[in-house]
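Colleague: I am new to this structure and would like a close look at a single part of it. Please take me through one helix and its surroundings, step by step.

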Amino acid sequence: MNVEYINPFITASRSVIRQTTGFEPAIGELYVKATPYTGDKVMIIIGLAGKIRGNVVVSFDYETAYKIVSAMMGGMPIQTLDEMSKSAIAELCNMILGNTATIFSKKNIHVDITPPTVLTGDNMQLSAAKSTVVCIPLILDDNAKIELDISYVEN
């Protein structure tokens, strides 16, 4: 994995989460996930195309999702992931990846993203064919965790 390709995800994630929720995420230790791997209860998948192609899976448990959506909606209590909540989570991830693409663009690296797909459920398993999956753990103030799983190949 090329650090030049990983750092924009970290920068964009921290900035967007701070702006939209007020949380100040810390970066946990990055690591490589073996595939197939299991995701958390809420996963958002966004595809990458251009200089690098692959996907980013943003995942968290339900409690963290409720916390994030609540913060995005001005502190309104959230206890279920209805369509509005899923839309908010998808938009957060879309903003993170949009900002990531902008950072790449400033470095003359062209990257397009696909619209987000939201998945919820138990025992979801993902495989990233022919690519390595790097996990960036983002730790919120109460040890709630968001994981960005990035898998790509360079064109």
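Modeller: Helices (H or I, at least four residues) and strands (E, at least two) are DSSP runs, numbered from the N terminus. This is a predicted model, in which local features need pLDDT of at least 70 and side-chain atom pairs count only at pLDDT 80 or more, whereas totals for chains, interfaces and linings use all residues. Residues are numbered from 1 along each chain as its sequence is written, and side-chain values use heavy atoms, with hydrogens and water left out.

The part I have chosen is helix α2, which covers residues 62-72. At the start of α2, D61 places a side-chain oxygen within 3.3 Å of the backbone nitrogen of E63. Beyond the other end, just after α2, comes G74, whose phi is positive at about 75 degrees. Within the helix, T64, A65, Y66, K67, I68, V69 and S70 are buried, that is, under 20% relative accessible area (exposed is over 50%, partly exposed in between; 1.4 Å probe, protein chains only). The partners against which these buried residues of α2 pack are α1 (3-21), β4 (42-50), β5 (52-60), α3 and β10 (145-154).

Let us begin with the helices among these partners. Helix α2 packs with helix α3 (residues 83-106) at an angle of about 85 degrees, and their axes are 10 Å apart; axes here are lines fitted to C-alpha atoms over the stretch in contact, with angles running from 0 to 180 degrees between N-to-C directions. On the α2 side, A65, I68, V69 and M72 take part, and they meet S85, A88, I89 and L92 of α3. Helix α1 holds I10, a residue that counts as buried at 15% relative accessibility. Apart from its neighbours within four places in sequence, I10 is in contact (heavy atoms within 4.5 Å) with I27, L30 and I136. As for A49, I10 is 39 residues away from that residue in sequence and 19 Å away in space, C-alpha to C-alpha.

Turning now to the strands, two of them pair if DSSP finds at least two bridges between them. Strands β4 and β5 run antiparallel and are joined by seven bridges, and together they make a hairpin with one residue between them. Two examples show how this pairing is laid out: I44 stands opposite V58 of β5, and L48 has G54 of β5 as its bridge partner.

Strand β5 is also joined to β10, by eight bridges and again in the antiparallel sense, with V56 facing its bridge partner I150 in β10. A residue worth following in β5 is S59, which is buried, with a relative accessible area of 1%. When the neighbours of S59 within four places in sequence are set aside, its contacts are D40, V42, M43, K145, I146, E147 and D149.

Strand β4, for its part, has further antiparallel partners. Four bridges join β4 to strand β7 (residues 117-120), where T120 is the bridge partner of V42. Three bridges, also antiparallel, pair β4 with strand β6 (residues 111-113), and here L48 stands opposite I113. L48 therefore appears twice in this account, once with G54 in β5 and once with I113 in β6.

Technical notes
Polar contact = N/O pair within 3.5 Å; in protein donor to acceptor, adjacent residues only side chain to side chain.
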